[in-house]
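Open the model in your viewer and keep the sequence panel beside it. We will go from the whole chain to single residues.

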Amino acid sequence: MTTLDDPGRLLAVWEAAATAPPAARGPVLLHAAGLLPDLDAALDLPVGTVAALAARLSVDSFGDPVDAVLTCGCGEVLDVALPLDPVAGLPTGDAGAVAGGTLRVRAPTARDLLAAGRSGDPLGTLLARCVRDAGGRPVAPGDLTAEQRRAVDAAAEELAGAAAVVLRTRCPGCGDPVVAALDVAELLWERVAGRAPAVLAEVATLAAAYGWAEADILALPAGRRRAYLALAAERAA
């Protein structure tokens, strides 16, 4: 089981993902954590696969559920506990035939999302990259009928798996439903980014107190590191 319990690995993951584009952050996180050894291959995984792996890494490293904050249209702020373990177990798909077998839809990847983000027509770019005719040839988005577009949209949502999870709850203030898309990779990144400063602070404290190198501090067992931090605090008092 791969986790981010090791502080050195946590900092390596934090450093690698901090500068990654949001569309690629999931694969970068999983690659830096050691779950996916080849970053190029990780960028070509279906987004649902990446989201499911990110959910598993989040649960194994930080526990479950994760605390999230939603805001209703009335202004009410909702604290919600999100269980990610079920998300990690959602099935993932790669491709499927639609519209009576005349079209084939592929699940988008991070590389597809990056290309769409650089395009003046993001949706058209995704359709052009992910939809093929029965012979495997690209299909111009403008050539799709309304019925084909609906079939493609339905297939894409089904193939998205864990990348298309939607949170539904009700506002305790006004009673209206609150709906929010769940970005699992972004939730994992928030947990990593929230933990990293505390690790850096521990390293800085022990380095200043004892003159140790970062690698030596990170290699200490957690219990011993806490003991040295307590001693450093006593000395500084």
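The tour below moves from the overall view to one loop, one strand pair and the cores.

**Whole chain**

Start with everything shown as a cartoon. This is a predicted model. Count the elements: there are eleven helices and seven strands. The C-alpha trace spans about 75 × 45 × 35 Å along its principal axes.

Now colour by burial. Of the 237 residues, 38% count as buried. Switch to a surface view. The accessible surface is about 12400 Å², and carbon and sulfur atoms account for 54% of it. Next, colour the charges. The protein carries 20 positive and 29 negative charges, and their mean positions are 3 Å apart.

How far apart in sequence are the residues in contact? Take the contacts between residues at least 6 apart: 56% of them join residues at least 24 apart.

**A cysteine in a loop**

Select C74. This residue sits in the loop between β1 (66-71) and β2 (77-82). Is C74 buried, partly exposed or exposed? C74 counts as partly exposed because its relative accessibility is 46%, and the partly exposed class runs between 20% and 50%.

Add C171 and C174 to the selection. C74 touches both, leaving out residues up to four places away in sequence. Then draw a distance from C74 to D44. The two are 30 residues apart in sequence, and their C-alpha atoms are 40 Å apart in space.

**A strand with two faces**

Select residues 103-106, strand β4, and show side chains. In a regular strand, side chains alternate between the two faces of the sheet. Here L103 and V105 point to one face and are buried. R104 and R106 point to the other face and are not buried.

Add residues 131-133, strand β5. β4 and β5 pair in the antiparallel sense, over three bridges. Which residue of β5 stands opposite R104? It is R132.

**The cores**

Nonpolar side chains tend to be buried together in soluble globular proteins. Select L4, L82, L84 and V192. In the largest nonpolar core, which has 48 residues, these four touch the most other members. Now highlight helix α9, residues 184-210. This helix gives the most to that core, with nine residues. Apart from this core lies another, of eleven residues, including L103, L127, V139 and L144. L103 is the buried β4 residue you have already selected.

Finish by zooming in on L84. Beyond its neighbours within four places in sequence, L84 is in contact with A55, S58, V59, D64, V66, L182, L187 and R191.

How values were computed. Residues are numbered from 1 along each chain as its sequence is written. This is a predicted model: local features need pLDDT of at least 70, side-chain atom pairs count only at pLDDT 80 or more; totals for chains, interfaces and linings use all residues. Side-chain values use heavy atoms; hydrogens and water are left out. Helices (H or I, at least four residues) and strands (E, at least two) are DSSP runs, numbered from the N terminus. Buried means under 20% relative accessible area, exposed over 50%, partly exposed in between (1.4 Å probe, protein chains only). Contact means heavy atoms within 4.5 Å. Accessible areas come from the Shrake-Rupley method with a 1.4 Å probe; for residues, only the protein chains shown count as cover. Lys and Arg count as positive and Asp and Glu as negative; His and the chain ends are not counted. The place of a charge is taken as NZ of Lys, CZ of Arg, CG of Asp or CD of Glu. Two strands pair if DSSP finds at least two bridges between them. A nonpolar core is a set of buried Ala, Val, Leu, Ile, Met, Phe, Trp, Tyr and Cys residues joined through side-chain atoms within 4.5 Å.
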